[in-house]
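Biologist: Hi! Could you walk me through the empty spaces in this protein, one question at a time?

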Amino acid sequence: MKICSKEKCTACYACLNVCPINCISMQMDSIGVLYPKVDEERCVNCNLCIKSCPNNRILNFRYPNKCYASWIGDLKKRKICASGGLATAFSEYIIKYENGIVYGTRYDKDMQPITTKCTTVDELEYFKGSKYVQSLVRDCFHEIKEYLQQQRVVLYIATPCQIAGLYSYLKKDYSNLLTIDLICHGVSPTSYFNNEINYLKMTKKISSITDIRFRGNDSKNYKLSLWDNKQLKYCKSAYHQYYFSGFLKGISLRENCYACDYARPERLSDITIGDFIGLGKDFPFEYSINNVSVVLINSVRGSSLFENMRQNTLLLYAVEREYDEAIKYGPSLCAPFPKHPKREKFVTLCREKGYVYAIRRVLKYEIYRRKLLFVFTWIVRFIRTKLKTL
């Protein structure tokens, strides 16, 4: 049974959540990418999966009416956050002042990225930081609907396609639902992430991992780092690390990401957040431009949330900017990320020999070249420093 075309499927889990007899499961294809699979012997042909797929519905996109450069000033709270820490600020407000529930992505005990709920401020530590991998939504939409029907305030922070999946599943507007989408470069399949981490654990002889980070307001920004509690076990810069580099270059994304309907100036959620790329390039900005978030207000509900959050959050900075500034330098606000020329070779090798072999084969010489360039640059800087002291 075909729910939507494979090239368009985002694995948002709307179909799985809506199926009344639970005959839909997510299964990996020949290259390790998740897609819904219908058990046709059990299927009753109600077509709810087709009707609930966001690819088969007309969605309500809106052009943002306000744009801000924003960040939280509490450096300790922001240390392992990506950009300005706005997701944390919004989540804290919902929990503290609305007695609400926040849904976002964290790692489970097996280091699988999962979408799950958070009801206390202490739990938010596990949700901090960018996770450059597809989160497993599972049956969360069921839970969210139940909380909404109980009149609980729910904040859902996710990629645009996952928010589209929730909206399509709910099929009606709930005034107590708030959504924040993350400006998305695309996502790598969960199996690639799992394979990479398992490979690193084996080759680096790492017995235990409790956290995996890609970004942060510290020296580990744009580095893949593996942690066992507070002990650093592995750390490598983005373009020297195979998984991270493959993700950033657009080699290992899901197929739908290369034709994403959500990578556009118009947005689907109440608020959009992400890196403010290009901040200050064309128009002066009196503060530091390092790791500042862009906040786009896309609805009346989003405007109310942002204003209330600002009034109740200490050390929160928000400087209004023109949206054109964010669009000009933020490629994911304009168009999908293009396929890398080595994408097809990667897919072929992945099908034949698996992800770990494929990504290392297609990126081998480029990674070596970058490492040599790094060493050469370091030597040149060292010599220049020494010469200045003579």
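Biologist: How do the residues of the lining of the second largest cavity divide into nonpolar, polar and charged?

Modeller: Happy to help, and please keep in mind that this is a predicted model. The second largest cavity has 13 lining residues, with Cys9, Ala11, Cys12, Cys15 and Cys53 nearest its centre. Cysteine and alanine both count as nonpolar. The whole lining divides into eleven nonpolar, two polar and no charged residues.

Biologist: What is the volume of that second largest cavity?

Modeller: The structure holds four cavities of 30 Å³ or more. For the second largest of them, the volume is about 90 Å³.

Biologist: And how much space lies in the largest cavity?

Modeller: Let's start with its walls: 16 residues line the largest cavity. Pro160, Cys184, Gly186, Cys257 and Cys260 are the ones nearest its centre. The space inside comes to about 160 Å³.

Biologist: How many residues of the lining of the largest cavity are charged?

Modeller: Among the residues nearest the centre is Gly186, and glycine counts as polar. Over the lining of the largest cavity there are ten nonpolar and five polar residues, and the number of charged ones is one.

Biologist: Let's turn to pockets. Which element gives the most to the lining of the second largest pocket?

Modeller: This pocket has a volume of about 760 Å³, and 27 residues line it. Three elements each supply at least two of those residues: α3 (75-78), β4 (101-107) and β8 (211-213). The one that gives the most, with three residues, is β8.

Biologist: How many residues of the lining of the second largest pocket are charged?

Modeller: Nearest the centre of this pocket lie Ile80, Glu125, Asp211, Arg213 and Asn229. Of these kinds, Glu, Asp and Arg count as charged. The full lining has seven nonpolar and five polar residues, and its charged residues number 15.

Biologist: One last residue, Val319: why is Val319 called partly exposed?

Modeller: Val319 sits in strand β13 (residues 316-320). A residue is buried under 20% relative accessible area and exposed over 50%. Val319 falls in between, so it is called partly exposed, because its relative accessible area is 22%.

Biologist: Which residues is Val319 in contact with, leaving aside its neighbours within four places in sequence?

Modeller: Phe247 is 31 Å away from Val319, C-alpha to C-alpha, and 72 residues apart in sequence. Contact needs heavy atoms within 4.5 Å. With the sequence neighbours set aside, the contacts of Val319 are Cys67, Tyr68, Ala69, Trp71, Phe285 and Tyr287.

How values were computed:
Residues numbered from 1 in each chain as written. Predicted model: local features only at pLDDT ≥ 70, side-chain atom pairs only at ≥ 80, totals over all residues. Heavy atoms only, no water. 1 Å grid on protein atoms, 1.4 Å probe; cavity = no way out; pocket = protein on both sides within 12 Å on 5 of 7 lines; lining within 4 Å. Points joined across faces, edges and corners; volume = space filled by probe spheres on them. Helix = DSSP H or I, 4+ residues; strand = E, 2+ residues; numbered from the N terminus. Buried < 20%, exposed > 50% of the residue type's maximum accessible area, 1.4 Å probe, protein only.
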